[in-house]
Each structure stands twice: as C-alpha cells, then as structure tokens.
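Colleague: Please take a close look at the sheet in this model, at how its strands are ordered and paired, and at the aromatic pairs.

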Amino acid sequence: MLDLIARHKRFIKSFHVSLYEQEGEMLRFKAQLTFTNESKLFIKEYVFENKERKYAYHWTDSSGNLICRWDNANHWPGVSTFPHHKHIGNEVFESTETSVGDVLNSISEKTNFRVN
C-alpha cells in the first residue's frame, strides 16, 4: 500500500489505516485516502482462508456524495465482468478496476491528477 501512496503522492493529501489484521493467508484491511481536491476513497479489502478476495472501493466528493464505487459482490450476474462491477449514480457498469492500484489510476485519469 505504501508504494501505491508514494506513486500517487501528488494527489494524495493524507491516508489513514483503520484496520489491518493478517493471520496466515487471511487479511482484513480498511483505509481512507483523502485527495488534494478533498474527495475521499474508502477502501475495504478481505482475503479469506480459501484465498477468495472481497473488495469495495468507495470514492466520494468533498461533500460525501458518491462519485464511483467498485466492488465484487456477486449480485450483478448480467454484467460482463461479473462479479467485478462499478456503481456510478444509480447505474451499474462493467469494471476492470479490481485493485487499489487500478482504482487510483482511474481516479487519476478522471481528475487529471498527475501520477509520478
């Protein structure tokens, strides 16, 4: 995670890790990034004993309104990238952004933030 923050440091104002638990292959991770434009990215990532991975990346504007949410909950089977998808407004779209790095790259492109 620190390498991603360093790579995107031009637009990350601050970060806070609220949960980091690892036991063997199992991982529970929650963090919040605040960007220089005051938007925020809330990160939840879990890896289970069977190596199954669940994630949700929730990006809000400075007022807390949803910009985009990426996740892999298996409730949208009609999406071509199932279970990976993103929510923009009231719509659901396919998503190839499946990691924090992918999401940070996407946010950088959408906001014209420069990446080192």
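Modeller: The account below treats the sheet and then the aromatic pairs. This is a predicted model, in which local features need pLDDT of at least 70 and side-chain atom pairs count only at pLDDT 80 or more, whereas totals for chains, interfaces and linings use all residues. Residues are numbered from 1 along each chain as its sequence is written, and side-chain values use heavy atoms, with hydrogens and water left out.

Seven strands form an open sheet in the order E1-E2-E3-E4-E5-E6-E7, with antiparallel pairing. Its edge strands, each pairing on one side only, are E1 (12-23) and E7 (91-94). From one strand to the next the twist averages 15°. Strands here are DSSP runs (E, at least two residues), numbered from the N terminus; two of them pair if DSSP finds at least two bridges between them.

At one edge, E1 pairs with E2 (residues 26-35) in the antiparallel sense over ten bridges. Within this pairing, Ser 14 stands opposite Thr 34 in E2. At the other edge, E6 (residues 85-88) and E7 are joined in the antiparallel sense by four bridges, and Lys 86 has Phe 93 in E7 as its bridge partner. The hairpin of E6 and E7 has two residues between the strands, and Gly 89 takes a positive phi near 60° there.

The structure also holds five aromatic pairs (ring centres within 6.5 Å). One of them joins Tyr 55 and Tyr 57, which are stacked (planes under 30 degrees apart), at 5.0 Å centre to centre with 20° between the planes. Both Tyr 55 and Tyr 57 are buried (under 20% relative accessible area, 1.4 Å probe, protein chains only).

Conventions:
Axes fitted to C-alpha atoms, helices over the stretch in contact; angles between N-to-C directions. Phe/Tyr/Trp six-rings, centres within 6.5 Å; stacked < 30°, edge-to-face > 60°. Buried < 20%, exposed > 50% of the residue type's maximum accessible area, 1.4 Å probe, protein only.
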